[in-house]
Amino acid sequence: MEHQKRTSFPNHFLWGSASAAYQVEGAWNKAGKGPSVWDIFTKKEGMTYKGTNGDVAVDHYHRYREDVALMAEMGLKAYRFSIAWSRIYPIGKGKVNEQGLQFYDDLINELLSYDIEPIITVYHWDVPQALMDEYGAWESRKIIDDFTKYCITLFKRYGDRVTYWVTMNEQNVFIGLGYQAGIHPPGVKDTKRMYQANHIANVANAKVIQAFRNYVPAGKVEPSFAYMPGYPLDSKPDNVLAFENVEEQRNYWWMDIYAFGQYPQIMWNFLEAHSLAPVVEPGDMELLKEAKPDFMGVNYYRSGTVESNPLDGISMGTMNTTGKKGTSSESGVPGLFKTVKNPFLEVTNWDWEIDPIGLRIGLRRIANRYGLPVLITENGLGEFDEVEANGFINDDYRIAYIKAHIEQVQQAISDGVEVLGYCTWSFTDLLSWLNGYQKRYGFVYVDRNEWNERDLRK
């Protein structure tokens, strides 16, 4: 669809940027905070790039006023940040930590003083280690009540000032990489356990949305999904079928449960045939159907191209966490699909496809299938950035990336998609999980590397 004239962005469009607590805050054991699974996991040998962790990160905990002032100077209208569960409840439940609550009070008030809209993510992967030790975190239904109580604490404390809430960030990532690939906490490689943990997380998410309606009736809530729109390699029917399979398994499996409260039937049949389907308890599906989100949160970085994959085909591949282009490998699900390189797209040094039009395609698919507004909660480019002799960082490649994606957001709005806002990933440089500090995303450069915190100057 081509437009003679593009529709303007809405007047109250949320032009923002984003971060996550573990990746920016530091102060991992300060002011009453308990350890999260990432505090423990990153200290195990060989888990992250050059052993990096978030103990200090970029010290946002102590420097948030400086950071917010920079946001205002840039003209940001929104800031999406996550709350560290173990900063509020050091052992995940029980006695609340007032110092933790006060930190986020101060951050929210600082943002509002500059007319920056706070967007809260209540869970960005850092479940308290105590809950992992006690009952296995997302593998136990006990977490449903503990997560709900944690969220209600936040709703009651901040609901008077915060309108937009994200319940879970990238459930498909923290569940998939944690319980199937085994490269995120808790390091499990068991597909059946993965689907069971995922169902428990779905029920927990639904219960939290149900509670949200009581405590923040004027607010907007949703989970945020890591969306990778799929393409068939070509028009060969087997490959088109593989594309249908990847959309069911990678995308609809997650978003259908958020929007409709039901799992896609074809994928459910596949799981049952392979003895992978989760145990669903009485009342689960009724709760899931009731907990409808106000919008769909989307983290978009790349599209994915697939071809057919036989029953004896490949499965888990290798992820590039070093920035050495070409070191990732194909992956897939035997009998469903196999990932392949798209001959029409360039890739980053981490082998992620650069596909601005893919964002437009994804936004249209969501609008057509779910009829929900979309908030783009993350989009950005992770690359090597260098400080030049004059102190400048010339990241024209990042400027071009963001510009191209924003243009496609406007095209999607012109198509008729309701888009609430666009948040870059990320505001400052930060710890990029397994990739260390060399993979930089920030609007704001932070002077540190894997080995040396330097002065953390921005």
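**Exercise 1. Find the residue of E10 that stands opposite Thr305, then place the pair in its sheet.**

Solution.
- Thr305 stands opposite Val340 in E10. Strands here are DSSP runs of E with at least two residues, and helices are runs of H or I with at least four, numbered from the N terminus.
- Strand E8 (residues 304–307) and strand E10 (residues 337–340) run antiparallel, joined by three bridges. Two strands pair if DSSP finds at least two bridges between them.
- The open sheet has four strands in the order E6-E8-E10-E9, and its pairing is mixed.
- E6 and strand E9 (332–333) are the edges; each has a single partner strand, so one side of each lacks a neighbour in the sheet.

The model is predicted: local features need pLDDT of at least 70, side-chain atom pairs count only at pLDDT 80 or more, and totals for chains, interfaces and linings use all residues. Residues are numbered from 1 along each chain as its sequence is written, and side-chain values use heavy atoms, leaving out hydrogens and water.

**Exercise 2. Trace the barrel and state how its strands pair.**

Solution.
- Eight strands close the barrel in the order E1-E2-E3-E4-E5-E7-E11-E12, with parallel pairing.
- From one strand to the next, the twist averages 30°.
- As an example, three bridges join the parallel strands E1 (residues 14–18) and E2 (residues 78–82). Ser17 stands opposite Tyr79 in E2.

**Exercise 3. Locate helix H13 on the sheet and list its buried residues.**

Solution.
- H13 (residues 356–370) packs on the sheet and touches strand E7 (296–299), strand E11 (374–378) and strand E12 (419–425). Contact means heavy atoms within 4.5 Å.
- The direction of H13 makes about 140° with that of E11. Angles run from 0 to 180 degrees between N-to-C directions, and axes are lines fitted to C-alpha atoms, for helices over the stretch in contact.
- Pro356, Gly358, Leu359, Arg360, Gly362, Leu363, Ile366 and Tyr370 are buried, that is, under 20% relative accessible area (1.4 Å probe, protein chains only).
- Just after H13, Gly371 takes a positive phi of about 65°.

**Exercise 4. Describe how H13 and H14 pack.**

Solution.
- The two axes come within 8 Å and cross at roughly 30°. H13 is therefore roughly parallel to H14; angles under 35 degrees count as roughly parallel.
- Contacting residues include Leu359 and Leu363 of H13, and Ala404 and Val409 of H14.
- Helix H14 (residues 396–415) also lies across E1, E11 and E12, running at about 170° to E12.

Key
Buried means under 20% relative accessible area, exposed over 50%, partly exposed in between (1.4 Å probe, protein chains only). Angles under 35 degrees count as roughly parallel, over 145 as roughly antiparallel, 65 to 115 as roughly perpendicular and the rest as oblique.
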